[in-house]
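Reader: I am new to this structure. Please pick one part and take me through it closely.

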Amino acid sequence: VFPSLAQAQASVANQVYQELGQPSVFLFCPTEYCSSLCSPSPSQSCYLQTIGQELLPGIAVIWTGPKVVSQELSAELLEEVEAVLKRPPVIWDNLYANDYDCRRVFLGPYMGRAPGLMARLQGLLLNPNCELQANFIPIHTLGTWFGSELGSCAHPEHTGTWHPASLGDSQGAQDGSYSPQEALELALRDWVAEINQQALEPGK
């Protein structure tokens, strides 16, 4: 019926979206959902080009970054993806996902995402560790990062400028940018307080 997989997917997604009354949030995950799955690249992928052309503009498209689990997300990559999809992507961030190796738990701060990124996105979803309690630091530091992003939106002159804050750098919080180290310290302090509070509850 359809000349390509992309046209089939876009047609079905469009029909479901319209049947549901064009909801404000409707997510579509493409078969090529990261750069490493695109051939030869996101901007030159016939699949993504068709998705961008055929998918109704109210439908948001999920993207994980350069890889399924992306250590870094850059503004340049998002510009390329937005151009081919004809809409800002929704990042499905697998930075902390451990469903592919449940022997590992990821407890570090949210990092590797360029400042000013939220202005280039329709949204951001965090795929957490499978173990609920292990996600205190990931979610807490994500909140701190998001707060700094809101500050960047309030001060557009900072948007798109990236001065990486390493784990040993405390300058970030002083100048209003995001510091992974300080975000981690804030999260650890609050997590210890939460653990101590639970330890005092009867039956714990």
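Author: Here is a close look at helix α3, then at the chain around it. The model is predicted: local features need pLDDT of at least 70, side-chain atom pairs count only at pLDDT 80 or more, and totals for chains, interfaces and linings use all residues. Residues are numbered from 1 along each chain as its sequence is written, and side-chain values use heavy atoms, with hydrogens and water left out.

Start with the whole chain. It has six helices and four strands (DSSP runs numbered from the N terminus: helices are H or I with at least four residues, strands are E with at least two). Along the sequence they follow the pattern α-β-α-β-α-β-β-α-α-α.

Now the helix. α3 covers residues 75–85. Its buried residues are A75, L77, L78, V81, V84 and L85 (buried is under 20% relative accessible area, exposed over 50%, partly exposed in between, with a 1.4 Å probe and protein chains only). An α-helix has 3.6 residues a turn, so residues three or four places apart point the same way.

What do these buried residues meet? They pack against helix α2 (46–54). They also pack against two strands, β2 (60–63) and β3 (90–93). Contact here means heavy atoms within 4.5 Å.

Next, the end of the helix. K86 comes just after α3. Its place is in the loop between α3 and β3. Phi of K86 is positive, near 60°, and the residue is not a glycine. K86 is exposed, with a relative accessible area of 55%.

Q22 also has a positive phi without being a glycine; its value is about 50°. Q22 sits in the loop between α1 (5–19) and β1. It counts as partly exposed, at 46% relative accessibility.

The loop between β1 (27–28) and α2 holds P40. A cis peptide bond joins S39 and P40, with omega at about -5°. The loop leads on to α2, one of the elements that the buried residues of α3 pack against.

Last, step back to the chain. It has 204 residues, and buried ones make up 39% of them. Take the contacts with a separation of 6 or more: residues 24 or more positions apart account for 71% of these. As for α3, its buried set runs from A75 to L85, and K86 follows, exposed.
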